[in-house]
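Thanks for opening this one with me. Here are a few notes to read alongside the model, as a friendly way in.

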Amino acid sequence: MNKRQIFKFFLNGISCGELNVFKISTRSISQSKTLYQREKDAEPDFDLPQLDTPCYPESTSDETNTDADFCGLETDFPCLTRNKLSGPEPEYQNVQGGYKVFTSNEPFHMRYNNGKLPELKIAYETWGELNEDRSNAVLIQAGLSASSHARSHPENGEPGWWEKFVGPGCAVDTNKHFIICTNNLGGCYGSSGPSTINPITNQRYSTTFPVVSIMDMVNAQFLLLDHLGINRLYASVGSSLGGMLSLMSAALYPERIDRFVSISSCAVSHPSSVAIRYLQRKCIMSDPNWNKGYYYDKKGSYPKMGMKLAREIATMTYRSGPEWDQRFGRNFIEKSANVSLCPTFTIESYLEHQGESFSTKFDPNSLLYISKAMDLFDIGEEFGSTKEAFNRIVCPAMILGVQTDILFPIWQQRHLARLLQESGNPAVTFYELNSIYGHDTFLLDLNGVGAAVKGFLETDLKEKGWLTKHKL
């Protein structure tokens, strides 16, 4: 008797000379036989490394599950989202229009690998009025997956991703400032990115698009500012990736920024956040439909499952454990339902819904490129050393962090504020919030984030620094 025959006998209940009779439900046997027959029909002439599917004996009609020696799990897994959303959520929209596009027909040189684009397109939206001397412009820096649509306006009435923070009397006041928000280079909402057309080939760039850096994004934005005739920004305000962009703007163009705000960000990407973004990229790139980035314009070829899993991983880092405890606890989706391998707890269903709803709103290749730019961020590398980078920043700065942030832990904002202070900058403001919403606090906390930003933007102190003879 060969090994395969021995294994078949074992699976059918013959083991060590003892005969064990398995009683299986008629439905389970029928399913197993159907599946086994399909595999047998498609079986090649050569032996495959996997084990054969067991062939169970026929059952009689009087055999029921109640008397069975074995009762297994049903093998259909619908795993559909079965609970409604609860709690505040950020407003991300798949923006298709309502923005302007700045186009530069000059080649745009990029930071890595001698990359170069034949042309540059940057999508942007504006609110408020530019004053006569063009000194009241505020640049809002978008996060990884956000578009230029920070707030609604006549050309696009949908709520923006920072809707409650921008507007008349809001944290960024359109009665006082001219507000600009761009779609970052590498994005998919109007700016040059993997999904846009390469004018040289008349095909989408896909993954031939050059690797993007934070410096590239900032340089592209300042070309837009040149186009708008704005020589100096009143302020640059950004969170997460936007915080990196604000910091880089202040170091790269110190003569063109009056002040900057960095919320829930850092001076250099650390291993923990790099690891999280790596896993998201791996989910997408492991999806067969990703096809090395060439999935555009191919019906049925879109890496939705990879994108969905990537977003589920990201969502775990955007909120906090204390919020999960208050919002979901150990609540079951269906208390009386039989337990299966599908989601059992409401937190699982929430993650599944977040992945599903986001999976087709954002271009997977853009997520790959922009998340990689975040991983590569180290402001010290761009200027020779961290000390030199911070010595270049001479304008007032506000650094804001959240104690429950998992993606950018609070110690990273403390470190950033300390580096600014140690460089000799006398106008560094640091706030530490105890919000329960983790990294997403910058999208949800009008009291903490909104009041801090408004106060910083609208306060112009005659004197700055500390009333002490001792240096910090």
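1. Start with helix α3, residues 214-228, in this predicted model. Helix α3 lies across four strands, namely β3, β6, β7 (137-141) and β10. Its direction makes an angle of about 60° with β6.

2. Another helix to look for is α14, spanning residues 446-458, which also packs on the sheet. Helix α14 touches β13 (235-239), β14 (260-263), β15 (397-402) and β16. Compare its direction with that of β15 and you get about 175°.

3. Now for the sheet itself. Eight strands make up an open sheet with mixed pairing, and their order is β3-β6-β10-β7-β13-β14-β15-β16. Which strands sit at the edges? They are β3 (100-104) and β16 (428-433), each of which pairs on one side only. From one strand to the next, the twist averages 20°. As general background, strands in a sheet pair through backbone hydrogen bonds, in either a parallel or an antiparallel way.

4. For a closer look at one pairing, try β6 (residues 120-127) and β10 (residues 178-182). These two strands run antiparallel and are joined by four bridges. One residue to find here is Trp127, whose bridge partner in β10 is Ile179.

5. Stay with strand β6 and pick out Leu120, which lies in it. Is Leu120 buried or exposed? Its relative accessibility is 0%, so Leu120 counts as buried. Leaving aside residues up to four places away in sequence, Leu120 touches Phe102, Thr103, Ser104, Phe108, Leu185, Ser192, Ala220 and Leu223. Ala220 is worth a second glance: Leu120 and Ala220 are 100 residues apart along the chain, yet 7.8 Å separates their C-alpha atoms.

6. Finally, turn to a pair of helices, α5 (residues 271-286) and α9 (residues 364-376). They pack at an angle of about 160°, and their axes are 10 Å apart. An angle over 145 degrees counts as roughly antiparallel, and α5 and α9 are therefore roughly antiparallel to each other. Their crossing is left-handed.

7. Who makes the contact between these helices? From α5 come Ser273, Val274, Arg277, Tyr278, Gln280, Arg281, Ile284 and Met285, while α9 brings Pro364, Leu367, Leu368, Ser371, Lys372, Met374 and Asp375. Sorted by class, the contact of α5 with α9 holds eight nonpolar, three polar and four charged residues.

Key. Residues are numbered from 1 along each chain as its sequence is written. This is a predicted model: local features need pLDDT of at least 70, side-chain atom pairs count only at pLDDT 80 or more; totals for chains, interfaces and linings use all residues. Side-chain values use heavy atoms; hydrogens and water are left out. Two strands pair if DSSP finds at least two bridges between them. Axes are lines fitted to C-alpha atoms, for helices over the stretch in contact, and angles run from 0 to 180 degrees between N-to-C directions. Contact means heavy atoms within 4.5 Å. Angles under 35 degrees count as roughly parallel, over 145 as roughly antiparallel, 65 to 115 as roughly perpendicular and the rest as oblique. A crossing is left-handed if the near helix is turned anticlockwise from the far one by less than a right angle, and right-handed if clockwise. Ala, Val, Leu, Ile, Met, Phe, Trp, Tyr, Cys and Pro count as nonpolar, Asp, Glu, Lys and Arg as charged, and the others, Gly among them, as polar. Buried means under 20% relative accessible area, exposed over 50%, partly exposed in between (1.4 Å probe, protein chains only).
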